[in-house]
Amino acid sequence: MKTEEEKKLRWRYDEMKQRCYNPNNKSYNNYGGRGITVCDEWRNSFRNFYQWAMQSGFSIELTIDRTDNDGPYAPDNCKWITQSQQMRNTRANITDYKKGTRVCFKCGLKKKLDEFGKDPFKGRFGHRYMCTECRLKYTREYYQKNKEKINKKRRERRRKKCGHG
Ligand SMILES: [Zn+2]
């Protein structure tokens, strides 16, 4: 019979692989999309991952964290931390004022601060930032999708101005 810990680990393991190798995963852009991988040792064997986890202090309430945010999921780059520690790390990784960089949540790339607009995109977990390039693309796509609605509104506004409405 599987223990509770094993079940939870299996879950974490599958999520980790999904983020790195499944382009349809919602987090892919921030992981696989920017070159984050899972080391072969773990990728090919859940047993190996499980053994490492048990030796490195895993318990159910902890989550896996990479020390070097640009590095892979591998034994020498990973540790177990609490959710709240991870939230703090994530926030620190989004904007690095010292280096003057910020991570775009859309393309997952680290870019210079001045490549971002003024207003942060408010996401479910606080502020998220989209680089100018992604924002333009997003706006364009939004317009394409809602063309009819937007144009209708424009026409209505014009009509009112001319006084024919
Ligand atoms: Zn971007």
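**Exercise 1. Place Q85 and decide how open its surroundings are.**

Start with the element: Q85 sits in helix 4, which covers residues 83-94. Bear in mind that this is a predicted model. Next, count neighbours. Q85 has 14 other C-beta atoms within 10 Å, and since exposed means 12 or fewer and buried means 20 or more, Q85 comes out as partly exposed. Last, take a long-range distance: Q85 and K149 are 64 residues apart along the chain, and their C-alpha atoms are separated by 44 Å.

**Exercise 2. List the elements of the chain and work out whether the fold is spread out or a compact globule.**

Step one is the inventory: the chain has six helices and seven strands. Step two is their order. Reading from the N terminus, you get α-α-α-β-β-α-β-β-β-β-β-α-α. Step three is the overall extent. For 165 residues the globule rule gives 15 Å, but the radius of gyration of the chain is 22 Å, well over that, so the chain is more spread out than a compact globule.

Now check the box. Along the principal axes, the C-alpha atoms fill roughly 75 × 40 × 25 Å. Then look at burial: 12% of the 165 residues are buried. Finally, the contacts: of those with a separation of 6 or more, 37% join residues 24 or more positions apart.

**Exercise 3. Split the chain into domains and describe where they touch.**

The assignment gives domain 1 as 4-89 and domain 2 as 93-162. How far apart are the C-alpha centres of domain 1 and domain 2? They lie 30 Å apart. For the contact itself, six residues of domain 1 meet five residues of domain 2. What's on the domain 1 side, by class? Five polar residues, one charged residue and no nonpolar ones.

**Exercise 4. Find the nonpolar cores and say which helices feed the largest.**

The largest nonpolar core has 10 residues: L9, C20, Y31, V38, W42, F49, A53, F58, Y73 and C78. Helix 1 (4-21) and helix 3 each put at least two residues into this core. Zoom in on F58, one of its members. Setting aside residues up to four places away in sequence, F58 touches L9, A53 and W80. Apart from the largest core there is another, made of six residues, including C104, F116, Y129 and C134. As background, nonpolar side chains tend to be buried together in soluble globular proteins.

**Exercise 5. Check the lengths of helix 5 and helix 6, then judge whether they are buried or open.**

Take helix 5 first, residues 132-145. With 14 residues at 1.5 Å a residue, helix 5 should span 20 Å, and its end C-alpha atoms are indeed 20 Å apart. One of the 14 residues of helix 5 is buried, so this helix lies largely in the open.

Helix 6 runs over residues 147-162, 16 residues in all. From first C-alpha to last, helix 6 reaches 23 Å, close to the expected 22 Å. The number of buried residues in helix 6 is zero, so helix 6 also lies largely in the open.

**Exercise 6. Characterise I60, E4 and Y28 by location, exposure and contacts.**

Begin with I60, which is in the loop between helix 3 (46-55) and strand 1 (62-66). I60 has 10 C-beta neighbours inside 10 Å; the cut-off for exposed is 12 or fewer, so I60 counts as exposed. Beyond its neighbours within four places in sequence, I60 is in contact with E4, E5 and K8. As a distance check, I60 and L136 are 76 residues apart in sequence, with 42 Å between their C-alpha atoms.

One of those partners is E4, which lies in helix 1. E4 has 8 C-beta neighbours inside 10 Å and is exposed. From E4 to Y31 it's 27 residues in sequence and 27 Å in space, C-alpha to C-alpha.

Finish with Y28, found in the loop between helix 1 and helix 2 (40-43). Y28 has 18 other C-beta atoms within 10 Å and is partly exposed. Leaving out neighbours within four places in sequence, Y28 contacts R19, N22, P23 and G33. Y28 and N44 are 16 residues apart along the chain, and 19 Å separates their C-alpha atoms.

Definitions and conventions
Residues numbered from 1 in each chain as written. Predicted model: local features only at pLDDT ≥ 70, side-chain atom pairs only at ≥ 80, totals over all residues. Helix = DSSP H or I, 4+ residues; strand = E, 2+ residues; numbered from the N terminus. Rg over C-alpha atoms; globule rule 2.2 N^0.38 Å. Contact = placed C-beta atoms within 7 Å. Expected span 1.5 Å × (residues − 1). Domains from an automatic or database assignment. Nonpolar A, V, L, I, M, F, W, Y, C, P; charged D, E, K, R; others polar. Core = buried A, V, L, I, M, F, W, Y, C linked by C-beta atoms within 7 Å.
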